[in-house]
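I set out to look through a structure that was new to me, and I kept short entries as I went. My topics were rings, cores, the ligand and two helical regions.

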Amino acid sequence: MKIPFVDLKAQYLSIKNEIDNAVQSVINDTAFIGGKYVKQFENSFADLYKIKNCIGVANGTDAIYITLKMLGIGQGDEVITVANTWISTSETISQAGAKPVFVDINDKLYTIDEELIESKINSKTKAVIAVHLYGQVCNIEKIQTICKKHNLFLIEDCAQSHLSECNGKLAGTFGDAATFSFYPGKNLGAYGDAGCIITNDDALAEKIRMFANHGSIKKHIHEMEGINSRLDGMQAAILSAKLPHLTEWTNKRINNAKLYSQMLTDIGDVVTPQIRENSKHTFHLYVIRTKHRDALKEFLYSHKIETSIHYPVALPNLPAYSYLNIPPEDYKLTNIFQDEILSLPMYPELTSEQITFISEKIKKFFTTQ
Ligand SMILES: *Cc1c(COP(=O)(O)O)cnc(C)c1O
């Protein structure tokens, strides 16, 4: 039995007709850029989040960059985010002209340690980007309070947290704006690059829409210079076809995670994921920790089980950020955990047989060591 880390083909086959029809409709209508399929998806996604505006963009990275720019963040500003995240979260801060400031993670939940945020706030700080990593929400209510107190913008990076919830409220509805990625492997994935921004701020939404389309709402009238970052019709139609299945797929991920955690209890030094209280973790990734990570990864690979690491190098350790000279005590846990975390196969179509197989191999690794 070969078990891939993700299986996008399995999902396609389960809704093949819906996808094929969606793609064919876009071609029949030649609605490739803009048009009704984009509008339709933006409206459905906004309805799902009960939010006033959804603006489709080219990808989740652009979504963050555009949001920062349109909030007026730039040269001389600082933006606080977490040391353990995908580089999109921090590189877009630099792209906007500001400086990324990294905060360490919580030892059990792996999201930004909200207790450390205030120590990083100074007169240059303009915003916090809270990342709901792996599908786990951060302590967003506390972060919201901190941002209000210090008059900072709050942006939620929801690239890994479609439908995650904190106290019964959807992650992505706490900040000034939230950004989503629809990269194929994300919980809601397009068949190419895609992303969006949601916000209840109409003025901000209008600026975002303009900037993402060459600074223009009305053709040939450019209010400002912008960029070309549009969600295309094909991706929008595919996303609309997939959206009605998202709740079911999310529930399957949650069940898969439950099964993993049951089967991986008391095995060697394996630490299974904990879920924040009163929250819904949507398990974009199922991440365990062990001091024997590299050997375990290799062992699983020899049994045709693909795993991954999110992320193997803490952002402050990357050559790209060596210029910041961040002292290791500023990201102590991220630094330790980069060598211990392991992401196991996780997708809705993963079967209980496969989870049992993987868990048994992990058990075998620890008993034969
Ligand atoms: C995937 C991801 C992004 C970027 O999304 P793209 O669509 O690939 O540009 C941003 N932040 C996080 C945390 C991500 O996982």
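Entry 1, charges over rings. I noted that the model is a predicted one. I began with R289, whose charged end sits over the ring of F337, 3.9 Å from its centre. I then looked up K169, which lies over the face of F174 at 4.6 Å from the ring centre.

Entry 2, aromatic pairs. How many aromatic pairs does the structure hold? I found 16 of them. I looked closely at the rings of Y49 and F180, whose centres are 5.2 Å apart. Their planes stand at 65°, and an angle over 60 degrees counts as edge-to-face, so this pair is edge-to-face. I placed Y49 in the loop between α3 (36-48) and β1 (53-57), and F180 in strand β8 (residues 177-181). The pair therefore ties together parts that are 131 residues apart in sequence.

I asked next whether Y49 is buried or exposed. Y49 has a relative accessible area of 3% and is buried. F180 is buried as well, at 0% relative accessibility. I also recorded that Y49 and F180 belong to one aromatic cluster with F41, F45 and F182.

Entry 3, nonpolar cores. I kept a general point in mind: in soluble globular proteins, nonpolar side chains tend to be buried together. The largest nonpolar core here has 55 residues. Which of its residues touch the most other members? I listed I143, Y260, Y286, L344 and I362. Helix α12 (residues 352-367) gives the most to this core, with 5 residues.

I followed I362 further, leaving aside its neighbours within four places in sequence. I362 is in contact with L264, I267, V270, L296, L300 and L344. Apart from this core I found another, of 34 residues, with A46, C196, A237 and L243 among them.

Entry 4, the ligand. I counted 15 residues around the ligand. Which of them come nearest? They are G60, T61, D157, S181 and K186. I then looked up distances for three of these residues. For T61, an N or O atom in the side chain is 2.4 Å from an oxygen atom of the ligand. For S181, the distance from a side-chain N or O atom to a ligand oxygen is 2.6 Å. For G60, a polar backbone atom is 2.8 Å from an oxygen atom of the ligand.

Entry 5, T92. I located T92 in helix α5 (residues 88-95). T92 is buried, with a relative accessible area of 0%. Its side chain reaches the backbone oxygen of S88 at 2.7 Å. Beyond its neighbours within four places in sequence, T92 is in contact with T61, I64, Y65 and L68. I noted the link to the previous entry, since T61 is one of the residues that come nearest to the ligand.

Entry 6, helix α8. Why is helix α8 (residues 233-242) largely enclosed by the rest of the structure? I found that 9 of its 10 residues are buried, so the helix is largely enclosed. The buried residues include G233, Q235, A237 and K242. I looked up what they pack against and recorded α1 (8-14), α2 (16-29), α3 and α9 (246-263). A237 had already appeared in the core of 34 residues. Finally, I noted that D232 caps the N-terminal end of α8. A side-chain oxygen of D232 lies 3.1 Å from the backbone nitrogen of M234.

Key. Residues are numbered from 1 along each chain as its sequence is written. This is a predicted model: local features need pLDDT of at least 70, side-chain atom pairs count only at pLDDT 80 or more; totals for chains, interfaces and linings use all residues. Side-chain values use heavy atoms; hydrogens and water are left out. Rings of Phe, Tyr and Trp (its six-membered ring) pair if their centres lie within 6.5 Å; planes under 30 degrees apart count as stacked, over 60 as edge-to-face and the rest as tilted. Helices (H or I, at least four residues) and strands (E, at least two) are DSSP runs, numbered from the N terminus. Buried means under 20% relative accessible area, exposed over 50%, partly exposed in between (1.4 Å probe, protein chains only). A charge sits over a ring if NZ of Lys or CZ of Arg is within 6 Å of the ring centre and within 35 degrees of the ring normal. A nonpolar core is a set of buried Ala, Val, Leu, Ile, Met, Phe, Trp, Tyr and Cys residues joined through side-chain atoms within 4.5 Å. Contact means heavy atoms within 4.5 Å. A residue is near a molecule or strand if one of its heavy atoms lies within 4 Å of it. A polar contact is a pair of N or O atoms within 3.5 Å; within protein, one must be able to donate a hydrogen and the other to accept it, and residues adjacent in sequence count only if both atoms are side-chain atoms.
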